[in-house]
Amino acid sequence: MTDFAALRRNMVDTQLRTYDVNSKHLLDAVEAVGREHYIAGHDTALAYADKALTIRADAETRALLQPMVLARMIQAAEITPSQVALSIAGGTGYGAAVMAAMGASVTLLESGEAMAAQARRSLLADGVSTVAVVSGDLSTGPGDGRSFDVILLEGGIDTEPTALLARLNDGGRLVAVMGRGRSGRVVVFQRSGDVVGKRTSFDASATPLSAFQPAPAFAF
């Protein structure tokens, strides 16, 4: 029988700690969340591999980010307990579950109901009952108009997510991978009053999200 707890500890020690993930709050949360529950359609032996995994639900696909990339993105978000967080394109819900384990109030937004339903099943299998899962337009956020302390985009973007930045609370952070391939960088946007600044955190790559690609130019 696979000892997932041992594999999880090994992932924390050999993948996260060695990749500058040093927040005890975050590391404790990662050890509390069973990544094996979030890899529907894969051999669970891959749950703690140092790689991104493609997740499918009907015709929808998402990439479950490489563990060390996701962990460093969440660390860059500087989540504290009781903050309100939004996971965009969070797939089956692993990133949302980690943020919930850190004490955040989390909503997961997916573009289609099939992936949202799979996220609900995965979270339930892991015993996570505190993440709200909804479907809608990824580029604008949930339709209820709420604002957030943290927004995590679990995929690559080519343009600044203007509509989502408008939904940050004062002091709120949005973390995303901007650019593709070797040009990809994790960028942290932060609101201060009416101004949103940004800084580059580290190099990374992620599967592009179509909702955040430039509109095709009109050709004569």
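In this predicted model, strands S1 (residues 53-57) and S2 (residues 60-64) run antiparallel and are joined by 5 bridges. Across that pairing, Ile-55 of S1 sits opposite Arg-62 of S2. The two strands make up a hairpin, with 2 residues between them. In the turn, Asp-58 has a positive phi of about 55 degrees.

Strand S1 also shows a neat back-and-forth pattern in its side chains. Leu-53, Ile-55 and Ala-57 point to one face and are buried, whereas Thr-54 and Arg-56 point to the other face and are not buried. So what counts as buried here? The word means under 20% relative accessible area.

Next come the backbone angles in the loops. Most residues other than glycine have a negative phi. Against that background, Asp-20 has a positive phi, near 65 degrees. Asp-20 lies in the loop between helix H1 (4-16) and helix H2 (24-32). Glu-78 likewise takes a positive phi, near 55 degrees, and its place is the loop that runs between helix H3 (67-77) and strand S3 (84-88).

Finally, there is helix H4. Of the 8 residues in H4 (residues 94-101), 7 are buried, so the helix is largely enclosed by the rest of the structure. The buried ones are Tyr-94, Gly-95, Ala-96, Ala-97, Val-98, Met-99 and Ala-100. Just after H4 comes Gly-103, with a positive phi of about 95 degrees.

Definitions and conventions:
Residues numbered from 1 in each chain as written. Predicted model: local features only at pLDDT ≥ 70, side-chain atom pairs only at ≥ 80, totals over all residues. Heavy atoms only, no water. Buried < 20%, exposed > 50% of the residue type's maximum accessible area, 1.4 Å probe, protein only. Helix = DSSP H or I, 4+ residues; strand = E, 2+ residues; numbered from the N terminus. Pairing = 2+ DSSP bridges.
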